[in-house]
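Please report on this structure. Cover the sheet, the pockets and one loop residue.

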Amino acid sequence: MKKTLAKELGSLASESRNPDTLDIDLLPTLGILEKINDADSSVPGVVRQVLPEVALVVDAVVEAFRSGGRLIYMGAGTSGRIGLLDAVECPPTYGVPEGMVIPLIAGGEAAVHRAQEGAEDNPELGAQDLKSIHLNPRDVVVGIAASGRTPYVTGGLRYARGLGCTTVALACNKAATIAKEADIAILPEVGPEVLTGSTRMKAGTAQKLVLNMITTASMIRIGKSFYNLMVDVKATNQKLVDRTRRIVVEATGASYEEADRVLDQCGHNAKLAIMMILSGLERAPAEAALENANGFLRLALQNLQQQEKSD
């Protein structure tokens, strides 16, 4: 068993030795940092090669959101924590409900702060975690594993696929085992790490770039932006209250005083405030116009313009 695992891991690009950093232990600090930076600079280009697959995932996630489904990330160790980072930012950034994007990590909450390495070796644990959140066929499950062979992720994807969910494998090796359990495989092979096997580095960066793309593009597609402004951001602290004000001013050209006045009228809802200012509508009809446009602010304004022309 140990020999088989060693042979399997040894064949993975993410676990092989980097010929460019064989002398890294002899270098001064700046030299070490330059080696790390040189390696990191290759990651975006590799991710760009898998954009067609990322686009397929975004389309599936948009369809899931529109039908009441959820986006679920699952991973172990660094991969699980990267999924967690992306998921927890969605409610405050886009105003979506808690539970619309769910992160699962092998070992549960304890694994967020302290390594629970043994938990990732249990494929049944992956299925159990999905059962605990009442997985349903409308959900999209993204399994994240740099190596592409984590049993926790494999078990979860297998269960999700059997249930009829759209399944996605995100790994940094072309020969990823988890790809066999997925409808869509995203495989940015970033190659050997600066320190052999330290996949929190290039592989982790690639995973974060991909997950950021999935949530950001999906949220844009369901109407969470106006031009490139985050109009559904929740004003939950002083910084975000100020950001909401600036978003309204940027979108409308109104003064800060006018933005504050309208924001006070609509519970600091930036999208609604923009709608009210640009359309001249009061709160209730502005809300109705947004609802008729499924929350798309630009479409709601275009609909009003067309209505005015027809009248």
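Two strands count as paired when DSSP finds at least two bridges between them. Strand β3 and strand β4 (residues 166-170) meet that definition, with five bridges in the parallel sense. The model is a predicted one.

**The sheet**

G143 faces A169 of β4 across this pairing. β3 spans residues 140-144 and also pairs with β1, again in the parallel sense and over five bridges. There, L71 stands opposite V140 of β3. β1 has a further partner in strand β2 (residues 101-105), parallel over five bridges. Y73 is set opposite P103 in β2.

Strands of a sheet pair through backbone hydrogen bonds, in either a parallel or an antiparallel way.

Put together, five strands make an open sheet ordered β2-β1-β3-β4-β5, with parallel pairing. β2 and β5 (184-186) are the edge strands, each paired on one side only. From one strand to the next, the twist averages 20 degrees. Helix α10 (residues 202-221) packs on this sheet and touches β1, β2, β3, β4 and β5. The direction of α10 makes about 170 degrees with that of β1.

How many residues of strand β1 (residues 71-75) are buried? Five of its five are, and the strand is mostly covered. L71, Y73 and G75 point one way from β1. I72 and M74 point the other way. Residues on both sides are buried.

**The pockets**

Rolling a probe the size of a water molecule over the atoms shows where empty space is left. The two pockets below are listed with their volumes and linings.

| Pocket | Volume | Nonpolar lining residues | Polar lining residues | Charged lining residues |
|---|---|---|---|---|
| Largest | About 380 Å³ | four | 10 | six |
| Second largest | About 220 Å³ | three | four | five |

The largest pocket has a lining of 20 residues. A76, E120, A146, S147 and T199 lie nearest its centre. Which helix gives the largest share of the lining of the largest pocket? Helix α5 (residues 77-88) does, with four residues.

The second largest pocket draws on other stretches of the chain, including I222, G223, K224 and D232. N269, K271 and L272 are also in its lining. E287, L290, E291, N294 and G295 line this pocket too. α13 and α14 each supply at least two residues of the lining of the second largest pocket. The largest share comes from α14, with three residues.

**L281, a loop residue**

Where is L281 found? L281 sits in the loop between α13 (270-279) and α14 (283-292), two helices that also contribute to the lining of the second largest pocket.

Is L281 buried, exposed or in between? L281 has a relative accessible area of 25%. Buried means under 20% and exposed means over 50%, so L281 is classed as partly exposed.

Leaving out residues up to four places away in sequence, L281 touches M275, M276, A286 and L304. D242 lies 39 residues from L281 along the chain. The C-alpha atoms of L281 and D242 are separated by 24 Å.

Conventions. Residues are numbered from 1 along each chain as its sequence is written. This is a predicted model: local features need pLDDT of at least 70, side-chain atom pairs count only at pLDDT 80 or more; totals for chains, interfaces and linings use all residues. Side-chain values use heavy atoms; hydrogens and water are left out. Buried means under 20% relative accessible area, exposed over 50%, partly exposed in between (1.4 Å probe, protein chains only). Contact means heavy atoms within 4.5 Å. Axes are lines fitted to C-alpha atoms, for helices over the stretch in contact, and angles run from 0 to 180 degrees between N-to-C directions. On a 1 Å grid over the protein atoms alone, a cavity is a set of points where a 1.4 Å probe fits but cannot get out, and a pocket is an open set with protein on both sides within 12 Å along at least five of seven lines; lining residues have an atom within 4 Å of a point. Grid points are joined across faces, edges and corners, and a volume is the space filled by probe spheres set on the points. Ala, Val, Leu, Ile, Met, Phe, Trp, Tyr, Cys and Pro count as nonpolar, Asp, Glu, Lys and Arg as charged, and the others, Gly among them, as polar.
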